[in-house]
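Good morning, and thank you for making time for this item. I would ask you to keep the model open while I go through it.

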Amino acid sequence: FFPKAPPEPHYCETYADAVYQLCPRFPEFPPNGPGEQPQTFRRALINVVQEEFESLPSTLSLSDSERSTMDAEEVQHQLCRRKALLLANMKFIGNLYLRKLLSMKVVGYVVHDLIGLKDDGKYPQDHLVECVCELLEAIGHTLDATKDGHMLMSQFVARLVDLQRAACTDGRPVLCRRVQFQVQDLVDLRKRGWVMKLFKEQAKTLAAVKRDADKDAHSRQQCNFQLQAAGARPAYVNAAPAPHQAERPGAGGMDRPYVRRLHQYFSEDGDGTALSSDWQRTRPTQQQTLAGVAWLLEEGADDDRKAETSARAALALADGTAISAKDLAWAFATFLGRLDDLLLDAPRAAGVAHQLLALALLHGDSGAPAAADLAPGLLAAAWGCGVATGERLLRGAADEVYRRGSQDVARAYLRRGGFEAAAREVGSDCSMSEQLEAVLRSAGLLE
């Protein structure tokens, strides 16, 4: 789709819709070779976007060898073509974001690479600023509608305004007058709530044409323009869950909407006994149990305000008779396997993992019947993600423990056998156990 979309910018939305429809049909691709992991559709898409973006020319100028084979008219045509391809790529990336196929993090990377501060202190060229304006206009309404997106958009606009006002050492403005006006148009569009006038007709279905004709026939005033929110997410995307949140009802009733309701009930009353009872009422299979606990944790990953509630709910299920300590550890490992994809949409998704590990460490010394068995499996699951990821997760958990002022409780649990149990869960590899011990010591959780 990337080779086809830029040369046909008027079909960018159509191509983005096609990619959106392919996502649930091909959620995962098999590994390319032995020992490799399967690749999700979104991860493959991000890799392609990154490759295509990095292959874009950083300058519109043609080399001397290219110019030598062209006359002045051909040179101008090639320059216009290169610029059109750059702008169309930005429009296509924007439409992928609107369909929840690319995350806010990817948008931030693209904008920073185009107009961010450089080590050499040079200002970005005019066409790169135009690319950012094209991208932000394509996604403005949707990006600005969330708290994190609003902060990001404010940073982008502030940088554009700085470039608009910047001048070179000889006093000449950094941006040409046309691009300065384009930046100002974007600033004004944001002030108007991203509402823009469309003076040209767009492609419509036959039903839409008839509907507009009926509206004009009954209207006394005829307008030559339409109002539209620039960068609004398509209605059908808003009505559907994010690609990684596809609802898969289980035969026993353990589906994602049911888990979401249980999470809501627990957040209101904090009744772990009722939660366990409602959980067991569906008589889930072990596969449904693992998926259900992973969904429960994803509730906290998608909204960091729910992170602690999700973690406490998972521990409450393991405290009772709803799930075993081993089930919780396996479900946590399943969740961590999805964490990279979750982080694309929710940069703070790891917070629920930090909460779960921290609460398990503090819970282990509580004296509850199953409490001491929970933390070792969770620590082993985190460490099983690799040393780098495991260290980040454990340090995040340590920060949560210190934030509560309960580091002495965690140290006491690990000292009284918690660490030895975790080391056994990690396996017989002494080096892995030693690395785990070193990380816990450096984080201040082992004395």
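I begin with a definition: the expected span of a helix is 1.5 Å times one less than its number of residues. A second one is needed alongside: helices (H or I, at least four residues) and strands (E, at least two) are DSSP runs, numbered from the N terminus. What we have is a predicted model, in which local features need pLDDT of at least 70 and side-chain atom pairs count only at pLDDT 80 or more, while totals for chains, interfaces and linings use all residues. Residues are numbered from 1 along each chain as its sequence is written, and side-chain values use heavy atoms, with hydrogens and water left out.

Let me start with the chain as a whole. Its secondary structure amounts to 20 helices and four strands. Of the 447 residues, 45% are buried; buried means under 20% relative accessible area, exposed over 50%, and partly exposed in between (1.4 Å probe, protein chains only). The chain exposes about 23900 Å², and 51% of this comes from carbon and sulfur atoms; the areas are from the Shrake-Rupley method with a 1.4 Å probe, and for residues only the protein chains shown count as cover. A contact, for our purposes, is heavy atoms within 4.5 Å. Among contacts between residues at least 6 apart in sequence, 71% join residues at least 24 apart.

I turn to two helices. Helix α6, residues 126-143, has 18 residues and reaches 24 Å from its first C-alpha to its last, close to the 26 Å expected at 1.5 Å a residue. It nevertheless has a kink of about 45°, centred on E137; the bend at a residue is the angle between axes fitted to the seven residues ending there and the seven starting there. Because 14 of the 18 residues of α6 are buried, this helix is largely enclosed by the rest of the structure.

How far apart are the end C-alpha atoms of α19, residues 407-426? They are only 23 Å apart, short of the 28 Å that a straight helix of 20 residues would reach at 1.5 Å a residue. A kink of about 65° in α19 is centred on R415. The buried residues of α19 include Y413, L414, G418 and F419.

Next, the cores. A nonpolar core is a set of buried Ala, Val, Leu, Ile, Met, Phe, Trp, Tyr and Cys residues joined through side-chain atoms within 4.5 Å. The largest has 66 residues, and those with the most contacts inside it are W279, L328, F332, F335 and L357. Helix α16 gives the most to this core, with nine residues. A second, separate core of 62 residues includes F92, L128, V129 and C131.

Which residues does F335 contact, leaving aside its neighbours within four places in sequence? They are A294, L297, E298, A301, L342, A349, V352 and A353. One of these partners, A349, lies in the loop between α15 and α16. A349 is buried, with a relative accessible area of 0%. Beyond four places in sequence, A349 is in contact with A301, F335, L339, L342 and L343.

A346 also sits in the loop between α15 (325-345) and α16 (351-363). At 10% relative accessibility, A346 is buried. Outside its neighbours up to four places away, A346 touches A301 and D302. A346 and A301 are 45 residues apart in sequence, yet 7.0 Å apart in space, C-alpha to C-alpha.

T289 belongs to helix α13, residues 286-302. Its relative accessible area is 6%, so T289 is buried. Not counting residues up to four places away, T289 touches W279, P284, I323 and D327.

Two backbone details follow. Most residues other than glycine have a negative phi. K100, in the loop between α4 (72-98) and α5 (104-115), has a positive phi near 60°. R283, in the loop between α12 (272-281) and α13, has a positive phi near 50°. R283 is exposed, with a relative accessible area of 75%.

Finally, the cysteines. A disulfide is a pair of cysteine sulfur atoms within 2.5 Å, and by this rule the count is zero. For C133, the nearest cysteine sulfur is that of C131, 9.4 Å away. C133 is buried at 2% relative accessibility, whereas C168 is partly exposed at 29%.
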